[in-house]
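Got the viewer open and a hand on the mouse? Let's take a walk through this one, stop by stop.

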Amino acid sequence: MEGKKIIFSGIQPSGELTIGNYLGALKNWVKLQDEYDCYFCVVDLHAITVKQEPKDLRRRTLELLAIYIAAGIDPRKNTMFIQSHVPQHAEAAWLLNCIAYMGELQRMTQFKDKSSKQGSGASVNAGLLNYPVLMAADIILYQTDLVPVGKDQKQHLELTRNLAERFNGLYSDTLKVPDPYIPKAGAKIMDLQEPTKKMSKSSDNPNAYILMMDPPEVIKKKISRAVTDTLGVIKYSDEQPGIKNLINILSAIKGLNPEEIELEYQGKGYAELKNDVAEAIIGELKPIQDKVKELVNDKEYLKNIYKEGAEKARYIANKTLRKMKKKIGFIPQE
Ligand code: TYM
């Protein structure tokens, strides 16, 4: 482990995972795990910024950990844990909240989107506003170098960098300023019904997204219903957002450039492209799904992983937190 650069990333157990989460984040974690010392977190504290049914939250939290492992994250090499098991995250978030500005938090695109769904200002919970500060705390506690995420998290990463720099400016060098890692392919998988919008697990229309646990026939159906256009040519262009999205999905799964895929489909029809995209998704997800089903039944195995993960995470996180508190002027306990 010594000498390796550090990665931190996380996914919320707030809904079923989509292929957007997989291709934008998880698949890249798998690729990066040998080169970096990695912390992969199930961010349950973030999930409660929108209302969660307790029993669903419990089920999804464990299922998400199982998905990490099934997708290929090796529990022997990486630290996997549940955010609420490491209280340092909430504590560091408070410290950072005291140097974060209301204005910069209110400007966050995700806050604007999500708060508009919660109604008028009076009923928007404060957690939603402070959400990216908790995310910054997650990251800085591990002195993280790199954060592999989808494009929608770029703004939150910029805020994290600003908060780390601000803390260092106020109290002298303490926190590493992290860089985002946003993949070329898969950075933003779009909604299958409205391909100018990001694919999201919170969409009301199930045809808009493909879930990681969708069975093969459902995947086929959803891809065959994906909105395209009437141009009839397969081009990787903003004029054809539906086709562009299908090419991006194929590109992220196969590890090919979109241009290579465009060339391969010259003169071919949309039905053939859709069929190949569906087959590629099924081929990628089926082994993961089988493994997840096996793992979720092995609660003891999962428990060992998250317990051990949290122990290591607490130890590392505490080192940074202690430094932060000392610099702020708090009296050390011993
Ligand atoms: P979350 O749970 O919304 O999404 C998890 C990851 O999936 C990516 N993603 C996508 N990528 C491509 N196309 C899409 N349609 C798509 N939808 C989602 C997200 O960019 C993300 O990488 N705030 C984070 C969770 C978090 C976190 C962190 C991440 C909390 N603390 C610290 C990194 C580091 C979030 O809401 O992700």
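## First stop: a helix residue and its company

Select Ile-69, which sits in helix α3. Keep in mind as you look around that this is a predicted model. Is Ile-69 buried or exposed? Its relative accessibility is 7%, and buried means under 20%, so Ile-69 counts as buried.

Now show what surrounds Ile-69. Skipping neighbours within four places in sequence, Ile-69 is in contact with Pro-75, Met-80, Leu-295, Tyr-301, Leu-302 and Ile-305. For a sense of distance, draw a line from Ile-69 to Thr-174: the two are 105 residues apart along the chain, and their C-alpha atoms are separated by 33 Å.

## Zoom out

Time to look at the whole chain. Colour by secondary structure and you should find 13 helices and 5 strands in the protein chain. Along the principal axes, the C-alpha atoms fill a box of roughly 70 × 45 × 40 Å. How does the radius of gyration fit with a compact globule? For 334 residues, such a globule would come out near 20 Å, and the protein chain has 21 Å, so the two agree.

Switch to a surface if you like. The protein chain exposes about 16200 Å², with carbon and sulfur atoms supplying 51% of that. As for what is hidden, buried residues make up 51% of the 334 residues.

Contacts are worth a thought too. Take the contacts in the protein chain with a separation of 6 or more: 77% of them are between residues 24 or more positions apart.

One more whole-chain view: colour by charge. There are 48 positive and 43 negative charges in the protein chain, and their mean positions are 3 Å apart.

## The aromatic stops

Next, show the aromatic side chains. How many aromatic pairs does the structure hold? The count is 7. One of them is Phe-8 with Phe-81: the centres are 6.4 Å apart, the planes make an angle of 65 degrees, and the pair is edge-to-face. Phe-8 belongs to strand β1 (residues 6-11) and Phe-81 to strand β3 (residues 79-82), so this pair ties together parts that are 73 residues apart in sequence. Both Phe-8 and Phe-81 are buried.

Swing over to Trp-29 and Tyr-68. Their ring centres are 5.1 Å apart with the planes at 75 degrees, so this pair is edge-to-face. Here the partners come from helices: Trp-29 is in helix α1 (residues 19-32) and Tyr-68 in helix α3 (residues 54-71), so the pair ties together parts 39 residues apart in sequence. What do the accessibilities say? Trp-29 has 0% relative accessibility and so counts as buried; Tyr-68, at 0%, counts as buried.

Before you leave the rings, select Phe-8, Tyr-39, Phe-81 and Tyr-142 together. Ring pairs link these residues into a cluster.

## Helix α4

Go to Ala-92, in helix α4 (residues 88-97). Relative accessibility is 0% here, so Ala-92 counts as buried. Which residues does Ala-92 touch, not counting residues up to four places away in sequence? Show Ala-137, Leu-141 and Leu-321 and you have them. Then measure across to Asp-56: Ala-92 and Asp-56 are 36 residues apart in sequence and 27 Å apart in space, C-alpha to C-alpha.

## Two loops with unusual angles to check

Pull up the backbone torsions for this part. Gln-143 is found in the loop between α7 (126-140) and β4 (146-148). Its phi is positive, about 50 degrees, although Gln-143 is not a glycine.

Then move on to Ser-172, in the loop between α8 (154-171) and β5 (179-181). Ser-172 has a positive phi as well, near 80 degrees, and is a residue other than glycine. Is Ser-172 buried, exposed or partly exposed? At 39% relative accessibility, Ser-172 counts as partly exposed.

## Last stop: helix α13

Finish at Glu-300, found in helix α13 (residues 299-328). The relative accessibility of Glu-300 is 52%, and exposed means over 50%, so this residue counts as exposed. For one last line across the model, connect Glu-300 to Cys-38: the two are 262 residues apart in sequence and 23 Å apart in space, C-alpha to C-alpha.

How values were computed
Residues are numbered from 1 along each chain as its sequence is written. Side-chain values use heavy atoms; hydrogens and water are left out. Helices (H or I, at least four residues) and strands (E, at least two) are DSSP runs, numbered from the N terminus. The radius of gyration is taken over C-alpha atoms; the globule rule is 2.2 Å times the number of residues to the power 0.38. Buried means under 20% relative accessible area, exposed over 50%, partly exposed in between (1.4 Å probe, protein chains only). Contact means heavy atoms within 4.5 Å. Accessible areas come from the Shrake-Rupley method with a 1.4 Å probe; for residues, only the protein chains shown count as cover. Lys and Arg count as positive and Asp and Glu as negative; His and the chain ends are not counted. The place of a charge is taken as NZ of Lys, CZ of Arg, CG of Asp or CD of Glu. Rings of Phe, Tyr and Trp (its six-membered ring) pair if their centres lie within 6.5 Å; planes under 30 degrees apart count as stacked, over 60 as edge-to-face and the rest as tilted.
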